[in-house]
Amino acid sequence: MTTRIMRLTKRMKDVFARQKEQAAANGIEIKDYMLQSKPEDMDRTIEYFHQKYSDAETYLLDFCRCSREDVEFIRHRLLDGNH
């Protein structure tokens, strides 16, 4: 696993932990399995995504109609973990 993916994985675990805490504070229980997926399911999802949209940046720009600034903000938040 690359260092970049390891950082992103750690970041997302932290995000999911905070989301579970926030939900619990509002009386909502989020089961662990709801924030996970099997590797083979993720592989199929990523393959579909790449076939349909090419990459995340293209998806955000063309399909979601985000601005370049939005894409850079998202990239920065995911990869660097800054709030």
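# Four helices, one chain

Let's start just past the first helix. Right after α1 comes Gly27. Its phi is positive, near 80 degrees. Keep that in mind, as positive phi values will come back later.

One caution before we go on. This is a predicted model. Every number I give you is computed from that model.

Now the overall picture. The chain has four helices and zero strands. Read from the N terminus, the elements go α-α-α-α. How spread out is the chain? Its radius of gyration is 15 Å. The globule rule gives 12 Å for 83 residues. The value for this chain is well over that, so the chain is more spread out than a compact globule.

Some more numbers on the whole chain. Along the principal axes, the C-alpha atoms fill a box of roughly 35 × 30 × 25 Å. Of the 83 residues, 11% count as buried. The chain exposes about 7,100 Å². Carbon and sulfur atoms supply 55% of that area. What about contacts? Take those between residues at least 6 apart in sequence. Of these, 26% join residues at least 24 apart.

Back to helix α1, which covers residues 3-25. What span should we expect for its 23 residues? We count 1.5 Å a residue, so the helix should span 33 Å. The C-alpha atoms at its ends are 33 Å apart, which agrees with the expected span.

Which residues of α1 are buried? They are Arg11, Val15 and Ala23. Find these three on the structure in front of you. Part of their cover comes from α4, residues 68-80.

Let's stop at one of them, Val15. This residue lies in helix α1. Its relative accessibility is 15%. The cut-off for buried is under 20%, so Val15 counts as buried. Now pick out His76 as well. Val15 and His76 are 61 residues apart along the chain. Their C-alpha atoms are separated by 14 Å.

Next, the loop between α2 and α3. Helix α2 covers residues 39-53, and Ser54 lies in the loop that leads from there to α3. Phi of Ser54 is near 80 degrees. That is a positive value in a residue other than glycine. Is Ser54 buried, exposed or partly exposed? Its relative accessibility is 43%, so Ser54 counts as partly exposed.

Move on to helix α3, residues 56-63. Look at its start. A side-chain oxygen of Asp55 reaches to within 3.2 Å of the backbone nitrogen of Glu57. Ala56 lies in this helix too. At 45% relative accessibility, Ala56 counts as partly exposed. Its partner for a distance check is Val71. Ala56 and Val71 are 15 residues apart in sequence. In space they are 9.1 Å apart, C-alpha to C-alpha.

What comes after α3? The loop between α3 and α4 holds Arg65. This residue sits just after α3 and takes a positive phi of about 60 degrees. Again, that is a positive value in a residue other than glycine. Its relative accessibility is 72%, and exposed means over 50%. So Arg65 counts as exposed.

Last topic: the cysteines. A disulfide is a covalent bond between the sulfur atoms of two cysteines. How many disulfides does a search of the whole structure find? The search finds zero. Cys64 is in no disulfide. The nearest cysteine sulfur to Cys64 is that of Cys66, 5.2 Å away. Why is there no bond from Cys66 to Cys64? Two cysteine sulfur atoms must lie within 2.5 Å to count as a disulfide. At 5.2 Å, the sulfur of Cys66 is too far from the sulfur of Cys64 for a bond. As for accessibility, Cys64 has 35%, so Cys64 counts as partly exposed.

To recap. The chain has four helices and zero strands. It is more spread out than a compact globule. Helix α1 has its buried residues Arg11, Val15 and Ala23, and α4 is part of what covers them. And the search for disulfides finds zero. That's my tour.

Key. Residues are numbered from 1 along each chain as its sequence is written. This is a predicted model: local features need pLDDT of at least 70, side-chain atom pairs count only at pLDDT 80 or more; totals for chains, interfaces and linings use all residues. Side-chain values use heavy atoms; hydrogens and water are left out. Helices (H or I, at least four residues) and strands (E, at least two) are DSSP runs, numbered from the N terminus. The expected span of a helix is 1.5 Å times one less than its number of residues. Buried means under 20% relative accessible area, exposed over 50%, partly exposed in between (1.4 Å probe, protein chains only). Contact means heavy atoms within 4.5 Å. A polar contact is a pair of N or O atoms within 3.5 Å; within protein, one must be able to donate a hydrogen and the other to accept it, and residues adjacent in sequence count only if both atoms are side-chain atoms. The radius of gyration is taken over C-alpha atoms; the globule rule is 2.2 Å times the number of residues to the power 0.38. Accessible areas come from the Shrake-Rupley method with a 1.4 Å probe; for residues, only the protein chains shown count as cover.
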